[in-house]
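Visitor: I'd like a close look at one part of this protein, the sheet strands and the aromatic rings that go with them. Could you walk me through that part slowly?

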Amino acid sequence: MVGVLRNFELNDPDVGHLRCLLHGPVGAGKSSFINSVNNVFQGRITSGALVAAASGTSFTKTYKTHYIKNGNARLPFAFNDVMGLEAQENGMQPKDLINALKGHLPEGYKLFHSIISSTGIPQVVVMTMPDKACVLVDSDVKRIYTSKAIKEKMQTCSNELGVPMNCMLPVKNYHEEEMLDDDMDIRILNAMTQIMNFANDYIWDLQQHA
Ligand SMILES: Nc1nc2c(ncn2[C@@H]2O[C@H](COP(=O)(O)OP(=O)(O)OP(=O)(O)O)[C@@H](O)[C@H]2O)c(=O)[nH]1
Ligand SMILES: [Mg+2]
């Protein structure tokens, strides 16, 4: 599966790269997801996106683009890591979120301020920490897809956020492991494949209506 993504081609190469914004609650595992994806592509544990030692207030405080290294080149894909959506004044604000989605925030931008708006940009939900939601998954990550507890969480999340079930992507992040694990990698790659395909399709569709 990693080979398929290594050779991933954009529908329109002029686009340069697809951009994925990770937003969500403080300490949800956004930065850890970036590291998890990087780990799979690098074949080793990496720590490019700094992760909180213990959650409390936002750990990631500035807007940063993370490219995924693919051999000596770059995958045509970037993650933007932002701080969590906290209470109004301290956290990521909706206007910043929209600008970040459009790729309009400069590197190092301090994530505050706001107004609300909406876009048709595709969304998926990367459901992190399944090991905390289900003891079976904690002991064997392969259980992610068969665990009743995880299915229920996915269903609840899908209903509450209005995101379809096939856009709910349960992933256990690398967070304490010292070595890579094939079963974790498969699920991380599965999530990445969905994200990249959705983004690629979206750009293609936009261009048809341009
Ligand atoms: N058990 C478990 N812990 C995880 C998982 N993903 C992340 N963590 C831990 O959760 C904590 C928060 O992770 P971060 O990646 O810093 O979270 P974040 O969403 O980037 O947080 P902010 O930058 O503060 O918004 C860290 O201590 C991680 O090690 C997971 O899948 N399972
Ligand atoms: Mg973070």
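Guide: Here is a tour of the strand β3 and what surrounds it, with a few stops further out at the end. Keep in mind that this is a predicted model.

Let's start with the overall layout. The protein has 7 helices and 5 strands, and along the sequence they come in the order α-β-α-β-β-α-β-α-α-α-β-α. Of its 210 residues, 40% are buried. If you look at contacts with a separation of 6 or more, 62% of them are between residues 24 or more positions apart.

Now to β3 itself, which covers residues 73–81. This strand is mostly covered, with 7 of its 9 residues buried. It has β1 as one partner: the two run parallel and are joined by 5 bridges. Two of the residue pairings are easy to find on screen. C20 has F79 of β3 as its bridge partner, and L22 is partnered with D81, also in β3. β1 spans residues 18–22 and is mostly covered as well, since 4 of its 5 residues count as buried.

The other partner to look at is β2, residues 64–70. Here the pairing with β3 is antiparallel and runs over 6 bridges. β2 and β3 make a hairpin with 2 residues between them, and G71 in that turn has a positive phi of about 65°. Beside the turn, N70 has A73 in β3 as its bridge partner. While you're in this area, check R74: its charged end sits over the ring of Y67, 3.7 Å from the ring centre.

Next, the aromatic rings. A pair of rings is described by how far apart the centres are and by the angle of the planes. The structure has 2 aromatic pairs. In one of them, F33 and F79 have ring centres 5.7 Å apart and planes at 75°, so this pair is edge-to-face. F33 belongs to helix α2 while F79 is in strand β3, so the pair ties together parts that are 46 residues apart in sequence. Both of these residues, F33 and F79, are buried. The other pair is F77 with F79: the centres are 5.0 Å apart and the planes are at 80°, so this one is edge-to-face too. F77 is buried, as is F79. Put together, F33, F77 and F79 form one aromatic cluster. Remember that F79 is also the residue bridged to C20, so if you click on one residue in β3, try that one.

Helix α2, residues 30–42, leads into a loop that runs to β2, and L50 is found in that loop. L50 is exposed, with a relative accessible area of 58%. Its C-alpha atom is 9.6 Å from that of I34, and the two residues are 16 apart along the chain.

One last stop takes us to helix α4, residues 130–133, where you'll find D131. This residue is buried yet has no salt bridge: K172, the nearest side chain of opposite charge, is 4.8 Å away, and a salt bridge needs the nitrogen within 4 Å of a carboxyl oxygen. Leaving out residues up to four places away in sequence, D131 touches V137, D138, K172 and H175.

Terms used. Residues are numbered from 1 along each chain as its sequence is written. Chains are lettered from A and ligands numbered from 1 in the order in which they are written. This is a predicted model: local features need pLDDT of at least 70, side-chain atom pairs count only at pLDDT 80 or more; totals for chains, interfaces and linings use all residues. Side-chain values use heavy atoms; hydrogens and water are left out. Buried means under 20% relative accessible area, exposed over 50%, partly exposed in between (1.4 Å probe, protein chains only). Rings of Phe, Tyr and Trp (its six-membered ring) pair if their centres lie within 6.5 Å; planes under 30 degrees apart count as stacked, over 60 as edge-to-face and the rest as tilted. A charge sits over a ring if NZ of Lys or CZ of Arg is within 6 Å of the ring centre and within 35 degrees of the ring normal. Two strands pair if DSSP finds at least two bridges between them. Lys and Arg count as positive and Asp and Glu as negative; His and the chain ends are not counted. Contact means heavy atoms within 4.5 Å.
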